[in-house]
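Colleague: Before I use this structure with my students, could you take me through the reasons behind the labels you give it?

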Amino acid sequence: MVISALAEGSSIRSIERMTGINRNTIMNLGVRVGKGCATLMDSSMRNLPCTRLEMDEIWGFVGKKEKHVRMDDADGVGSVWTFCAIDADTKLVPAFKCGDRTEATAKVFLADVARRMANRIQISTDGLKAYPAAIEAAFGGDVDYAQIIKVYGTEGGSDNRRYSPPEMVSIEKKVIVGNPDQSLISTSYVERLNATTRLHMRRLTRLTLAFSKKRENFEAAVGLHFAYYNFVKRHNTLRMTPAMAAGVTPSFWSVGDLLEAAA
């Protein structure tokens, strides 16, 4: 019940109130299971039949926001970016990587993705400058890659749109490597995945006090979320889990099955 509640976006204190289980026990269980889920993802996401991936980074923080970080703070405090990929056909998340929003983190993430693919793939990303070099290092020329670059207008003055994005004024599709299908260059699925992640992972919900205090806890929560998303959560359009659609597993998993596999 605790793991189900964590995976569905409940906070640790709310789970403590619902179950009567001490929050330290809940936190320790979440970290242990989350680490097991990350190991499960690493071992099961191999030789995948993906053909079209979309990639993006989602922002979060550990301990405090970057502008409040001081020189004497512990390592890992401040902004943390989670790089993730989604298969546009099966909605599977084959890999993720927590780190800085830098070329070094992007290279580690893309190298991990490349090792998991069984065929040549088409990749779409946003305009982050770290991606082209990382994709070249991971795939060489054996990939079809394009960026979709969105240009936003600037808002003047102060109004009631503080938490709303500015208006998008143009979109440019830019081919970087290979011969990607122009009609399939998009980041819509991964942007929808980001919304699902923020809804189901309390540590990434905006305007909340439920942020991680330790980097270890944050990374474990990410591992639990993506394992739950791949193996347990039924996708409404596919009418099955992403892991079933990709042929990773033949049947639905319960949370108990996930716990057993992650043990």
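**Reasons behind the labels**

Modeller: Let me begin with Val-232, which is found in the loop between helix H7 (215-231) and helix H8 (242-245); helices here are DSSP runs of H or I with at least four residues, strands are DSSP runs of E with at least two, and both are numbered from the N terminus. This is a predicted model, in which local features need pLDDT of at least 70 and side-chain atom pairs count only at pLDDT 80 or more, while totals for chains, interfaces and linings use all residues. Residues are numbered from 1 along each chain as its sequence is written, and side-chain values use heavy atoms, with hydrogens and water left out.

Colleague: Why does Val-232 count as buried?

Modeller: Buried means under 20% relative accessible area, exposed means over 50%, and partly exposed is in between, with a 1.4 Å probe and protein chains only. Val-232 has 14% relative accessibility, so the residue counts as buried. If contact means heavy atoms within 4.5 Å, then Val-232 touches, among others, Trp-253, Val-255 and Leu-258, where residues up to four places away in sequence are not counted.

Colleague: What makes Asp-42 and Arg-116 a salt bridge?

Modeller: The rule asks for a side-chain nitrogen of Lys or Arg within 4 Å of a carboxyl oxygen of Asp or Glu. In this pair the closest N and O atoms are 2.7 Å apart, and the rule is met. Arg-116 lies in helix H4 (residues 103-116) and Asp-42 in helix H3 (residues 23-44), so the pair ties together parts that are 74 residues apart in sequence. In general, side chains of opposite charge can pair when their charged atoms come close.

Colleague: How do you know which of these two residues is buried and which is partly exposed?

Modeller: Arg-116 has 3% relative accessibility and therefore counts as buried, whereas Asp-42, with a relative accessible area of 35%, is partly exposed.

Colleague: What else does Asp-42 meet in a salt bridge?

Modeller: The side chain of Asp-42 also meets that of Arg-46, at 3.1 Å from N to O, and Arg-46 counts as partly exposed because its relative accessibility is 38%. Asp-42, Arg-46, Asp-112, Arg-115 and Arg-116 are linked in a network of salt bridges, and the count by this rule comes to 16 salt bridges.

Colleague: Why are Asp-72 and Arg-70 called exposed?

Modeller: Asp-72 has a relative accessible area of 62% and Arg-70 has 53% relative accessibility, so both carry that label. Their side chains meet in a salt bridge at 3.7 Å, N to O.

Colleague: What makes E3 and E6 the edge strands?

Modeller: Two strands pair if DSSP finds at least two bridges between them. By that test 6 strands form an open sheet in the order E3-E2-E1-E4-E5-E6, with mixed pairing, and strand E3 (96-99) and strand E6 (168-177) each pair on one side only. Strand E5 (residues 144-152) and E6 pair in the antiparallel sense over 8 bridges, and in one of these strands, E6, Val-175 is the bridge partner of Ala-146.

Colleague: Why is Ile-171 called partly exposed?

Modeller: Ile-171, which lies in strand E6, has a relative accessible area of 47% and is therefore partly exposed.
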